[in-house]
Structures are given as C-alpha cells and as structure tokens.
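Work through the exercises below with the coordinates open. Each task is followed by a stepwise solution.

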Amino acid sequence: MQIIISNSSKEPIYEQIYAQIKKLILTGQLQEGQPLPSMRQLAKDLEISVITTKRAYEELEKNGFIYSIVGKGSFISEQNSEMMKERKMKAIEEKLLVAIQNAKEMDINLAELKAMLTLLYTEDE
C-alpha cells in the first residue's frame, strides 16, 4: 500500500491518508479482511506522528471502511455494494460541486458546463 503525503496540500495529513486508503478500498485494490499496517508502522513509513495515523484510522472506522480488533490490528471491512455505490455517488457529487463553483467563478454558464461534461463523458466511446 503506497500513500503519498503532500506537504504543499491545504488538506490535513490525516485527511490525505483517509482519502487515499478510502480510494484503495473503493477501487478494490484493498480487499475485505486485508490487514492495514499498524498505526505505528504507517507513521514510521510516512515519517509522521502516530496521532495523525490514529486519526485517519478512526475516520476510516467511523465511516465503515475498516474495523479494528484489539491486539490484532485494523482490517478492511466488507463493502456492501449498495453502500459502495452511495459512497461513490457522494464523491462524484463533491467533485461536481467543486467544478460548478469553478465554472461560476469563471462565468461559464450551465449550457457550456453541460457541453464540457458531455464531451468529457463521451470522449472514450
């Protein structure tokens, strides 16, 4: 599992870890039951505080992506297909909201934005 931390990102380090592990789970690169590195090991590998990795793992557990067993570690949770679809839809909505905000800041109207989206969506067809 490779996690890349950007010091220039406005996003806190724990959120960068959370987002990258979440993406690995949603894309199937991390499978149900697969163990995650210990919080200490991940902190050592990334050269960050254990408190930071603990916070990322807590967020992942709170949102149902992982579960922890005392003395054994943290593992990837079973991902219900309906829940995965819902999470992916939420991620798409968040990215679209950013795109909409950017479009409004640049005075791009809805028709132009729809045209861009249609072009990008059908590009590979």
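## Exercise 1: the hairpin

β1 and β2 form a hairpin with three residues between them, and G71 in the turn has a positive phi of about 85°. The model is a predicted one.

**Task.** State how β1 and β2 run and how many bridges join them. Then find which residues of β2 stand opposite S68 and I69.

**Solution.**
1. Locate the strands: β1 covers residues 66–69 and β2 covers residues 73–76.
2. Read the direction. The two strands run antiparallel, and four bridges join them.
3. Take S68. Its partner across the hairpin is S74 in β2.
4. Take I69. Opposite I69 stands G73 in β2.

## Exercise 2: the two sides of helix α2

**Task.** Sort residues of α2 into buried and exposed. Then explain why the buried ones lie on the same side of α2.

**Solution.**
1. Helix α2 spans residues 39–46, and its buried residues are L42, A43 and L46.
2. These three cover an arc of only 100° around the axis, so they sit on the same side of α2.
3. Turn to the other side of α2: R40, K44 and D45 are exposed there.
4. Ask what covers the buried residues. The cover includes α1 (13–26) and α3 (50–62).
5. Look just past the helix. E47 takes a positive phi of about 60° just after α2.

## Exercise 3: L46

**Task.** Is L46 buried or exposed? Name the residues that L46 touches, leaving out those up to four places away in sequence.

**Solution.**
1. Place the residue: L46 belongs to helix α2.
2. Apply the cut-off. Buried means under 20% relative accessible area.
3. L46 has 17% relative accessibility, so L46 counts as buried.
4. List the contacts. With residues up to four places away in sequence not counted, L46 touches I3, I5 and I17.
5. Check a distance too. L46 and A103 are 57 residues apart along the chain, and their C-alpha atoms are separated by 36 Å.

## Exercise 4: salt bridges

**Task.** How many salt bridges does a search of the whole structure find? Give the N to O distance for E59 and K62 and for E94 and K90, and the closest N and O separation for K54 and E58.

**Solution.**
1. The search of the whole structure finds three salt bridges.
2. Start with K54 and E58. Their closest N and O atoms are 2.5 Å apart.
3. K54 and E58 are four residues apart in helix α3, so about one helical turn separates them. K54 is partly exposed at 39% relative accessibility, and E58 is partly exposed at 39%.
4. Next, E59 and K62 meet at 3.4 Å, N to O. Both lie in helix α3, three residues apart, about one turn of the helix. E59 is partly exposed at 23% relative accessibility, whereas K62 is exposed at 60%.
5. Finally, E94 and K90 meet at 3.3 Å, N to O. They are four residues apart in helix α4, so about one helical turn lies between them. E94 is partly exposed at 40% relative accessibility.

## Exercise 5: a nonpolar patch

**Task.** Which residues make the nonpolar surface patch of about 540 Å²? Which helix gives the largest share?

**Solution.**
1. The patch is made by M89, I92, L96, L97, I100 and L117.
2. Helix α4 (residues 81–105) supplies the largest share, five residues.
3. Check one member. L97 is found in helix α4, and L97 is exposed with a relative accessible area of 56%.

Conventions. Residues are numbered from 1 along each chain as its sequence is written. This is a predicted model: local features need pLDDT of at least 70, side-chain atom pairs count only at pLDDT 80 or more; totals for chains, interfaces and linings use all residues. Side-chain values use heavy atoms; hydrogens and water are left out. Patches are made of residues with over 30% relative accessible area and no salt bridge: like charges are joined within 9 Å, nonpolar side chains (Val, Leu, Ile, Met, Phe, Trp, Tyr) within 5 Å. Accessible areas come from the Shrake-Rupley method with a 1.4 Å probe; for residues, only the protein chains shown count as cover. A salt bridge is a side-chain nitrogen of Lys or Arg within 4 Å of a carboxyl oxygen of Asp or Glu. Buried means under 20% relative accessible area, exposed over 50%, partly exposed in between (1.4 Å probe, protein chains only). Two strands pair if DSSP finds at least two bridges between them. The arc is that of the directions from the helix axis to the C-beta atoms. Contact means heavy atoms within 4.5 Å.
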